[in-house]
Amino acid sequence: MNGEGKITRVHRDRLAVVYLRQSSMVQVREHTESTTRQYGLAEEAVRLGWARQDVVVIDTDLGVSGRWGVARAGFTELVGRVCSGEVGAIFGIEISRLARSNAEVARLMEFAAITETLLIDADGVYDPADVNDRMLLGMKSTIGEVELHVMAQRLHAAKNAAAQRGELRTPLPVGLVYDEAGDVVIDPDAEVQAAIRDVFAAFEQTGSAYGVVAAFATRRFPLRAYGGVWAGQLRWGKLTHARVLGVLKNPGYAGAYVHGRYTSRRRVDPDGTVHTGLVERPRAEWPVLIKDHHPGYITWEQFLLNEAKLAANRTNAGARPPREGSALCQGIIACGSCGKPMRTNYHTDARPSYECSSRADRLTTPTCRSVAASTVDDAVAEQLLAALNPTEVALALAAADRVTDRHQRVSRAAELAVERARYDAERAERAFHAVEPENRLVARSLEARWEAKLATLAEAEQALAAATDTLPPLPGRAELEQLAADLPGLWHAPTTSNKDRKRLLRTLIADITLLPETDHDKVAIGIRWHTGATDELRVARAVHPGTAKRSPSPAVEMVTRLGPTTPTAELANILNAAGLTTGHGRPFDVKAVQWIRHAYHIPAPVAYAEGEISVAQAAERLGCSTGVIYYWINTGQLDAHRGSGHRLCIPWNGQIQHACNRRIIESGHLNPAARRSKPRTRR
Ligand SMILES: [Zn+2]
């Protein structure tokens, strides 16, 4: 070897470190020869005079990319060992490529020069302390880097050129495959096809990615594995929200060829570690977009619609998609006084309201109002139904045809699963019959497999039956025409969900504005249709149910007049005798009259006769608790009777007060002083 003479006893007394590195897992898997060669370096170290136990192999970086800044524990360990002076020589396949960056190699060489560490590769032995060796290493390192750069440039240019022509082969999403000629075609597997089509159908139906996840709750979804043990194989699993988004946002399903949807971006941590991450580019910045490149599941227009719908669902970006609540104009109503959107408030479940959102900021203008949702909704719905004249029926029928189509597809998926299971079972049966009878062990395991396949088939058949059963029968076309003609009926049908009503509303109405209105009992509503036309309505505010249920004024008048002098029970009788009823149409009782007294601040007559006081008053005069007074009344020590309103009335005079006071003074329980003065009987 070149320069073997540079190795001295000083070096051989220390460690020989073999540093192994292979950029990626693929290289490790596929270039085993290189790895073997690297391990061969240990033998080389022994040949050059190091004791076998002094040869250390650092291979923790095998399969860790040498590209910028990826933390590599092995290299860090190598530098650490060199700095501590325990290393006599570093062995590597090519010293100049120990690290991918020149800076790292230069640093390592600097430390090696200080600690008199040799660098050894297949070409020879280098002493970093020697200026010539250092220059040689530096040049090799620079040339290596340039070489890499040129290679990467060429590869990139070729790749980009192929991509511009739409010929760069990229991994395809599940549902699309390459045929023998290398063209992209729709996966011939009908079950896979059905699953992909149903994702798009479910998104159209539910309008949200989570809706699609729910629709697939009991179904499985195919996944094509890339890399790893399962590379290229189809696997079935749960459909997750992220995967729904992946399918909806992948332009490949719309027949488009796209290159550069994602770009890598580097980020440097404070400690100098560089992270590389993928960032999605906006559609306008895709470097290559070739429409109608291959057959797709949806059209490009449909793809754009889906994209818009997904964007409209992103509430954190200010979108306000239709929700499940009953307030019809949720999300599209604005305050005409300050211009802010109105919030839908469901504080009281039965009576939602629209509130100007300025209210939270305390920035309301004087005409900012909140309004009962029903006031606006009823007027708007009436306007909407009037606008939907029978010429729209044709549109509704077209929608109905699409529903029928979807309906067939749902059970089609189950049918395909049965077909597949049947095929598998037949194949297992064939394999079982084909085996020679004397080959008993094989026959047994094949029989078990056949049985398992039969069980799967039975399961799939059950699932198909269930899918067919749970689907409600669809009405015929004539029936649908009849239904479409009766749109108001459909609108109010309990089976029509609020979300559907809102969707229908939003297909025709762009937004609603609560216009400034000085009359507090009236509401002015502005409707802007998608066609650009506008309507203005003025309606009376809905009456609060509490107000509507209030007792009629003759009864209130009578209570106001007689209340202060007539006991409550008697008053109820008088009201009933006069033929009056409560707001609910029920006869008056004590509670109802008490409620009117409370609402209109009408006092009850004084219950106590001359010379009588209440329990509370007695307790106050004696300076004891009311409990004591109740006890005395219950045990007959104090006279009392029930007055009006079932109150206890206590006849009171100086004599009674005196007697009570004595009772307290003598009581050991009520008066601790009395207890202490009593003679003690026992010692
Ligand atoms: Zn406002």
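## Helix H4, a three-stranded sheet and a loop residue

On one side of helix H4, Ala73 and Gly80 are exposed, and this side lies opposite another set of residues in H4 that are buried. The model described here is a predicted one, and its secondary structure comes to 25 helices and 23 strands. The points below begin with the whole protein and then take up helix H4, an open sheet with the helix that lies across it, and one residue in a loop.

**The protein as a whole**

- The protein has 683 residues, of which 22% count as buried.
- If one takes the contacts in the protein with a separation of 6 or more, 60% of them are accounted for by residues that stand 24 or more positions apart.

**Helix H4**

- Helix H4 covers residues 73-83, and within this helix Phe75, Leu78, Arg81 and Val82 are buried.
- When the helix is seen down its axis, the buried residues of H4 fall within an arc of 125 degrees, and they therefore line one face of the helix.
- H4 is followed by Gly85, a residue whose phi is positive, with a value near 80 degrees.

**The open sheet and helix H12**

- Strands of a sheet pair through backbone hydrogen bonds, and the pairing may be either parallel or antiparallel.
- One open sheet in this model consists of three strands in the order E15-E16-E17, and the pairing in this sheet is antiparallel.
- Its edge strands are E15, at residues 342-345, and E17, at residues 370-372, each of which pairs on one side only.
- From one strand to the next, the twist of this sheet averages 20 degrees.
- Strand E16, which covers residues 353-356, is paired with E17 over three bridges in the antiparallel sense, and Tyr354 has Val371 in E17 as its bridge partner.
- Helix H12, formed by residues 373-387, lies across E15, E16 and E17, and runs at about 65 degrees to E17.

**Arg219 in its loop**

- Arg219 is found in the loop that lies between helix H8, at residues 209-215, and strand E8, at residues 221-224.
- Arg219 counts as partly exposed because it has 19 C-beta neighbours inside 10 Å, whereas a residue is called buried if 20 or more other C-beta atoms lie within 10 Å of its own.
- Although Arg219 and Lys238 are 19 residues apart along the chain, their C-alpha atoms are separated by 7.4 Å.

Technical notes: Residues are numbered from 1 along each chain as its sequence is written. This is a predicted model: local features need pLDDT of at least 70, side-chain atom pairs count only at pLDDT 80 or more; totals for chains, interfaces and linings use all residues. Two strands pair if DSSP finds at least two bridges between them. Helices (H or I, at least four residues) and strands (E, at least two) are DSSP runs, numbered from the N terminus. Axes are lines fitted to C-alpha atoms, for helices over the stretch in contact, and angles run from 0 to 180 degrees between N-to-C directions. Two residues are in contact if their C-beta atoms, placed from the backbone, lie within 7 Å. A residue is buried if 20 or more other C-beta atoms lie within 10 Å of its own, exposed if 12 or fewer, and partly exposed in between; C-beta atoms are placed from the backbone. The arc is that of the directions from the helix axis to the C-beta atoms.
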